[in-house]
Amino acid sequence: MTIQECYTALEGNYQEVLGRLYSESLVRKFVVKFLSDQSYQLLEDSLKAGNYEEAFRAAHTLKGVTQNLSFVKLYQSSNEITEALRTQNVELALQLFPKVEADYTQTVSAIQAFQAEP
């Protein structure tokens with residue numbers, strides 16, 4: 001799988017991120033580094049614990065990272081949950097979380113498949 005195919009699989013915008021980072025090697029580096037980002041896990045844990053202030057910070061971080069990497073689909077869902085948490089609409093945030101979870105899983109799966117290629 002090429003990095004462009006990875007972006008197709010995760011429903012991102014490769015041309016946009018390439019324009020931002022200027023080099024395919026940097027794109028590859030930061031895409032793989034995304035797997036070690038803990039903001040999604042912190043969001044999930046904070047929501048389960050009822051710590052909505054921390055959940056907001058985690059969602060906001062996830063939104064920023066995905067925007068910078070042009071992970072369009074995950075950015076959109078993380079932006080929606082960020083805004084719900086910003087306005088303290090916990091019920092909506094909890095309803096939105098499964099979409100974030102599905103988009104995150106799709107993104108991680110695509111990156112792992114990219115990583116597995118020789």
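# Chatting through a helical model

Trainee: Which residues touch the most other members in the largest nonpolar core?
Mentor: Tyr7, Phe34, Leu43, Phe71 and Ile81 do, out of the 32 residues in that core. Keep in mind that this is a predicted model.

Trainee: And which elements give two or more residues to this core?
Mentor: Those are α1, α2, α3, α4, α5, α6 and α7. The largest share comes from α7, with nine residues.

Trainee: Is there a general idea behind that kind of grouping?
Mentor: In soluble globular proteins, nonpolar side chains tend to be buried together.

Trainee: OK, let's look at α7. How many residues does α7 have, and how far does α7 reach?
Mentor: It has 27 residues, and the distance from its first C-alpha to its last is 38 Å. That is close to the 39 Å expected at 1.5 Å a residue.

Trainee: Where does α7 bend?
Mentor: At leucine 96, by about 35 degrees. A proline, proline 98, follows within four residues.

Trainee: Which residues of α7 are buried?
Mentor: They are Ala93, Leu96, Phe97, Val100, Asp103, Tyr104, Thr107, Val108, Ala110, Ile111 and Phe114. So leucine 96, where the helix bends, is on the buried list too.

Trainee: What do the buried residues of α7 pack against?
Mentor: Against α1, α3, α4, α5 (52-68) and α6.

Trainee: Switching to rings. How many aromatic pairs are there?
Mentor: The count comes to six. One of them is tyrosine 40 with tyrosine 104, a stacked pair at 3.9 Å centre to centre, with 5 degrees between the planes.

Trainee: Where in the chain do tyrosine 40 and tyrosine 104 sit?
Mentor: In distant parts of it: tyrosine 40 is in helix α4 (residues 39-49) and tyrosine 104 is in helix α7 (residues 90-116), 64 residues apart.

Trainee: Are tyrosine 40 and tyrosine 104 buried or exposed?
Mentor: Both tyrosine 40 and tyrosine 104 are buried.

Trainee: Which residues do the ring pairs link into a cluster?
Mentor: Tyr7, Tyr14, Phe34, Tyr40, Phe71, Phe97 and Tyr104. Tyr7, Phe34 and Phe71 are also among the core members with the most contacts to other members.

Trainee: Tell me about tyrosine 7, then. What does tyrosine 7 touch?
Mentor: Leaving out residues up to four places away in sequence, tyrosine 7 touches Gly12, Asn13, Tyr14, Val17, Val27, Val31, Leu69, Ser70 and Phe71.

Trainee: Tyr14 is on that list. Where is tyrosine 14 found?
Mentor: In helix α2 (residues 14-21). Tyrosine 14 counts as buried because its relative accessibility is 7%. With the same sequence neighbours left out, tyrosine 14 touches Ile3, Gln4, Tyr7, Glu24 and Val27.

Trainee: Ser70 came up as well. Where is serine 70 found, and what about its phi?
Mentor: Serine 70 is in the loop between α5 and α6. Its phi is positive, about 60 degrees, although it is not a glycine. With 2% relative accessibility, serine 70 counts as buried.

Trainee: New topic: how many salt bridges does the structure hold?
Mentor: Nine. One of them joins the side chains of lysine 73 and glutamate 11 at 3.1 Å, N to O. That pair links distant parts of the chain, with lysine 73 in helix α6 (residues 72-86) and glutamate 11 in the loop between α1 (3-9) and α2, 62 residues apart.

Trainee: Why does lysine 73 count as partly exposed?
Mentor: Because its relative accessibility is 22%. Glutamate 11 is partly exposed too, at 41%. Glutamate 11 also has a positive phi of about 60 degrees although it is not a glycine.

Trainee: What does glutamate 44 form a salt bridge with?
Mentor: With lysine 48, the closest N and O atoms being 3.5 Å apart. They are four residues apart in helix α4, so about one helical turn separates them.

Trainee: Is glutamate 44 buried or exposed?
Mentor: At 12% relative accessibility, glutamate 44 counts as buried, whereas lysine 48 counts as exposed at 66%.

Trainee: Which residues are joined into one network by salt bridges that share partners?
Mentor: Glu11, Lys73, Lys99 and Asp103. Asp103 is one of the buried residues of α7.

Note on methods: Residues are numbered from 1 along each chain as its sequence is written. This is a predicted model: local features need pLDDT of at least 70, side-chain atom pairs count only at pLDDT 80 or more; totals for chains, interfaces and linings use all residues. Side-chain values use heavy atoms; hydrogens and water are left out. Buried means under 20% relative accessible area, exposed over 50%, partly exposed in between (1.4 Å probe, protein chains only). Contact means heavy atoms within 4.5 Å. Rings of Phe, Tyr and Trp (its six-membered ring) pair if their centres lie within 6.5 Å; planes under 30 degrees apart count as stacked, over 60 as edge-to-face and the rest as tilted. A salt bridge is a side-chain nitrogen of Lys or Arg within 4 Å of a carboxyl oxygen of Asp or Glu. The expected span of a helix is 1.5 Å times one less than its number of residues. The bend at a residue is the angle between axes fitted to the seven residues ending there and the seven starting there. A nonpolar core is a set of buried Ala, Val, Leu, Ile, Met, Phe, Trp, Tyr and Cys residues joined through side-chain atoms within 4.5 Å.
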